[in-house]
Amino acid sequence: MRDFVEKEIVPIIDDLEYNGVPPYDVLRKLFTTFGMDELAGSNFDKQIAREESRASGASAEDSNTEKPATGTATEEAMDAVAMGLIPIIEISRHCQGLITAMGVSVGLTAGAIMSKGSLAQKKKYARDLLTLNKVGAWAITEPNSGSDAFGAMKATARRDGKGGYILNGNKTFITNGPFADTIVFICRLEEDGVEARDRKIVSFILDSGMEGLEQSAPFKKMGIGSSPTGELFLSDVHAGPERLMGESEDGYGRSGAKTTFSAERSGVACMALGLVERALELSLEYAQTRVQFGEPIGNYQLIQLKLAKMEVARLNLENLVFRFIETRAAGKDFSLSEASAMKLYAAQSAMEVATEAVQIFGGAGYMRATRVEQLMRDAKILQIYAGTDEMQIVAIARDLLANA
Ligand SMILES: Cc1cc2nc3c(=O)[nH]c(=O)nc-3n(C[C@H](O)[C@H](O)[C@H](O)COP(=O)(O)OP(=O)(O)OC[C@H]3O[C@@H](n4cnc5c(N)ncnc54)[C@H](O)[C@@H]3O)c2cc1C
């Protein structure tokens, strides 16, 4: 994986970060090089075969016999590491935006459809997203609703009286928004007699090019230039009932979106680990080679303190990632407070480490060529998306208090 990153990503990093080259071709190359597309496709086919046999009335026992032979928990954990986490860590060492673009398409968009979509929706949309044949976007944020994603949501779905819906609203800061083929659009169901804030949250699976759906050009951003971010404008978009997630008005409401939040939070720790590893590596090299006052700056205790703190952060992140893998290997999930605590720590430590790396490099750190400034700009987004630091704190405290 490291070899692939050095050969295929590092040489084109400026095009991806600053020159508007979309990330999807190199991500597809990653998938085909490591057979990630084939594995995702065959895992998908097996899961669908199981679901179809269950739907056709086969007993649980019958369907169990179709499951692939499962290995030990350790093997499964190692599969998860190889397939999911190692690419995230390795790519985030250089180009975290690629992971954002990939994660939103595969993890959030396909993930939402796989967890809450109907069988027909999974077959129609999820396979192409999981294999990266198509690009997905997951849209909840609006100009006036960010942290208060549900409370202030204005986007609506109105029943058209013929079983379908008319969708309206604007979404902003949407990863892959400018290029997405498939969009999960989250909105409120307009219902007479129900107060606006109490209306159901529903979501729809939309295709690029639908009448009334406009996808903006990418925004110019502080960091993660390799992850295109944009707006979506929906004006009287007609969606048939087959586009309603789960084909039910109770298919993907608040709980569905919250599950997606938890998944996102875990991925951030791996991104932070890659970024911190790289910042430390670059800082160590510079501290040994940059001479001031006749000595390498690494001989000065003020610089040593920064390096030592970076190592502490790296170890803590690595431990969190291992703990996450072990928890999943044991067939369990992190609680909301654990996932949020991991995200909060990961984001803050990545930002601190990257900022200190720039400091160690002095003026050179402020220059693009040394790359530490990119790590610092990329780290900042970890404190904002997938729930801001402040919202993680709220989530941790609420979850702890509710379960005390
Ligand atoms: C690059 C990028 C990619 C993104 N990708 C996606 C995507 O794919 N899909 C999607 O739907 N969204 C996406 N987002 C949106 C992102 O999730 C939101 O920006 C984020 O949730 C914060 O919302 P906001 O920007 O409206 O800030 P606000 O909610 O307006 O917050 C402003 C400040 O107030 C603080 N604040 C808010 N409420 C409280 C409170 N109760 N207590 C204390 N402090 C509070 C916040 O922490 C923050 O510091 C993306 C954003 C960016 C920048």
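Modeller: Helices are DSSP runs of H or I with at least four residues, strands are runs of E with at least two, and both are numbered from the N terminus. The model discussed here is predicted.

Biologist: Which helix and strands each supply at least two residues of the shell around the ligand?

Modeller: The protein chain has 13 helices and nine strands to choose from. Those that each supply at least two shell residues are β1 (136–139), β3 (165–175) and α13 (389–402).

Biologist: Which residues come nearest to the ligand?

Modeller: There are 20 residues around the ligand. The shell divides into eleven nonpolar, seven polar and two charged residues. The nearest of the 20 are G146, S147, T175, T388 and E390.

Biologist: Between which domains does the ligand lie?

Modeller: A ligand with shell residues from two domains lies between them, so the task is to see which domains contribute. Both contributors are known here: domain 2 (137–253) and domain 3 (255–402).

Biologist: Where is the kink in α7 centred?

Modeller: Helix α7 covers residues 96–116 and reaches 28 Å from its first C-alpha to its last, close to the 30 Å expected. There is nevertheless a kink of about 35 degrees in α7, and its centre is G103.

Biologist: How many of the 21 residues of α7 are buried?

Modeller: A residue counts as buried if 20 or more other C-beta atoms lie within 10 Å of its own. Over the protein chain, 42% of the 404 residues pass that test. Helix α7 is mostly covered, and the number of its buried residues is 19.

Biologist: What is the radius of gyration of the protein chain?

Modeller: A compact globule of 404 residues would have a value near 22 Å. The value for the protein chain agrees with this, because it is 22 Å.

Key. Residues numbered from 1 in each chain as written. Predicted model: local features only at pLDDT ≥ 70, side-chain atom pairs only at ≥ 80, totals over all residues. Near = placed C-beta within 6 Å. Nonpolar A, V, L, I, M, F, W, Y, C, P; charged D, E, K, R; others polar. Domains from an automatic or database assignment. Expected span 1.5 Å × (residues − 1). Bend = angle between axes of the 7 residues up to and from the residue. Buried ≥ 20, exposed ≤ 12 C-beta atoms within 10 Å, placed from the backbone. Rg over C-alpha atoms; globule rule 2.2 N^0.38 Å.
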